[in-house]
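Subject: Structure handed over, with notes on what was found

Dear colleague,

Please find below the structure that I am passing on to you, together with its sequence. Once you have had it open for a moment, the notes that follow should help you find your way around.

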Amino acid sequence: MRARFKRMDVKFAHVAIGATGLVVLLFAGRAHAQGIPALHDVPALRTSVERFAGAAARLDPRLVVPRCPSPALSWARADVVRADCADPVWTLYVPVAVAMAAATQAPARTKPAIRRGERVLVEASGPGFAISMEAEAERDADGTRIALKGPAGRRFTGRIADDGRVVLAR
C-alpha cells in the first residue's frame, strides 16, 4: 500500500511540474502577443546613448538586460555614460569614444586627489571586454595607487591613470 502512495506522489509531482510549465508558457505567450518583449532592445539603447553623448558608444549587442520602459541617462565620467532603470533595477556604464583632437588640445591636468571615503569608478579591461564598478577609497591616494573596497566588502588596489581614471592594478 505504501509503494502505491509513493508512485502517486511521484506522478502528482510530474503533473504539477507540467502544469506549472503550461502556465508559464501561457503567460509568456500572452506577453508576447501584446508586443511586450521580456528583454531590452540593446541596439536601441546604444542609439540612445550615442544621441545623449554625441559620440560612438561601445555596447556589446549580445548584452542581455531586462526590458526597461525608459532608461535614464547621465554622465558617470567624461567618457562614460550611466544608463539606469528604475523597474526592474539595473545600471550599465557605457564607454563612449572621445574625439582625439579634443583630447590632444586639452591642457594637461594633474591627477585627482582621491580622499578616504570617496566613491570612485574602477575599470578593468582586456581584449574584447571592459567592465567597471563603483568602489570606496579606504585611505587617501598614495601617488598613483589607491586602496579600495568593493560593494561586497572585498579589498583591492587601484591605479590612478594619467587621465585620472582608476583602473584595477595588476
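Before the details, one term is needed: a polar contact here is a pair of N or O atoms within 3.5 Å, and within protein one of the two must be able to donate a hydrogen and the other to accept it. Please also keep in mind that this is a predicted model, and that the values below are computed from it.

That term applies to Glu123, which is found in strand β4, and whose side chain is joined to the side chain of Arg165 by a polar contact of 2.6 Å. Is Glu123 buried or exposed? Because its relative accessibility is 16%, and buried means under 20%, Glu123 counts as buried.

To set this in context, the chain has three helices and eight strands, and, read from the N terminus, its elements follow the order α-α-β-β-β-α-β-β-β-β-β. Of the 170 residues in the chain, 20% are buried.

The barrel

Which strands close into a barrel? There are five of them, in the order β4-β5-β6-β7-β8, and their pairing is mixed; from one strand to the next, the twist averages 50°.

Within this barrel, strand β4 (residues 119–126) and strand β5 (residues 129–137) run antiparallel and are joined by eight bridges. If you would like to trace the pairing on screen, Val120 has Ala135 in β5 as its bridge partner, while Ser125 stands opposite Ala130, also in β5. The hairpin that β4 and β5 form has two residues between the strands, and in that hairpin Gly128 takes a positive phi near 85°.

On from there, β5 and strand β6 (residues 145–149) run antiparallel as well, and two bridges join them; the bridge partner of Glu136 in β6 is Lys149. In the loop between β6 and β7 (155–160) you will find Gly153, which counts as partly exposed because its relative accessibility is 34%. Gly153 and Glu136 are 17 residues apart in sequence, and their C-alpha atoms are 9.5 Å apart in space.

The second largest pocket

The second largest pocket has a volume of about 210 Å³, and the elements that give two or more residues to its lining are β4 and β5. Glu123 is one of the lining residues, and the others are Val122, Ala124, Ile131, Ser132, Met133, Gly150, Pro151, Ala152, Arg154, Phe156 and Leu168. How do these lining residues divide by character, and how many are nonpolar, polar or charged? Eight are nonpolar, two are polar and two are charged. The residue to look at here may be Glu123, since it brings the two parts of this message together: Glu123 is in strand β4 and also belongs to the lining of this pocket.

The hairpin of β1 and β2

Earlier in the chain, strand β1 (residues 72–77) and strand β2 (residues 80–85) pair in the antiparallel sense over five bridges. The two strands form a hairpin with two residues between them, and Leu73 has Ala83 in β2 as its bridge partner.

With best wishes

Key: Residues are numbered from 1 along each chain as its sequence is written. This is a predicted model: local features need pLDDT of at least 70, side-chain atom pairs count only at pLDDT 80 or more; totals for chains, interfaces and linings use all residues. Side-chain values use heavy atoms; hydrogens and water are left out. Two strands pair if DSSP finds at least two bridges between them. Helices (H or I, at least four residues) and strands (E, at least two) are DSSP runs, numbered from the N terminus. Axes are lines fitted to C-alpha atoms, for helices over the stretch in contact, and angles run from 0 to 180 degrees between N-to-C directions. On a 1 Å grid over the protein atoms alone, a cavity is a set of points where a 1.4 Å probe fits but cannot get out, and a pocket is an open set with protein on both sides within 12 Å along at least five of seven lines; lining residues have an atom within 4 Å of a point. Grid points are joined across faces, edges and corners, and a volume is the space filled by probe spheres set on the points. Ala, Val, Leu, Ile, Met, Phe, Trp, Tyr, Cys and Pro count as nonpolar, Asp, Glu, Lys and Arg as charged, and the others, Gly among them, as polar. Buried means under 20% relative accessible area, exposed over 50%, partly exposed in between (1.4 Å probe, protein chains only).
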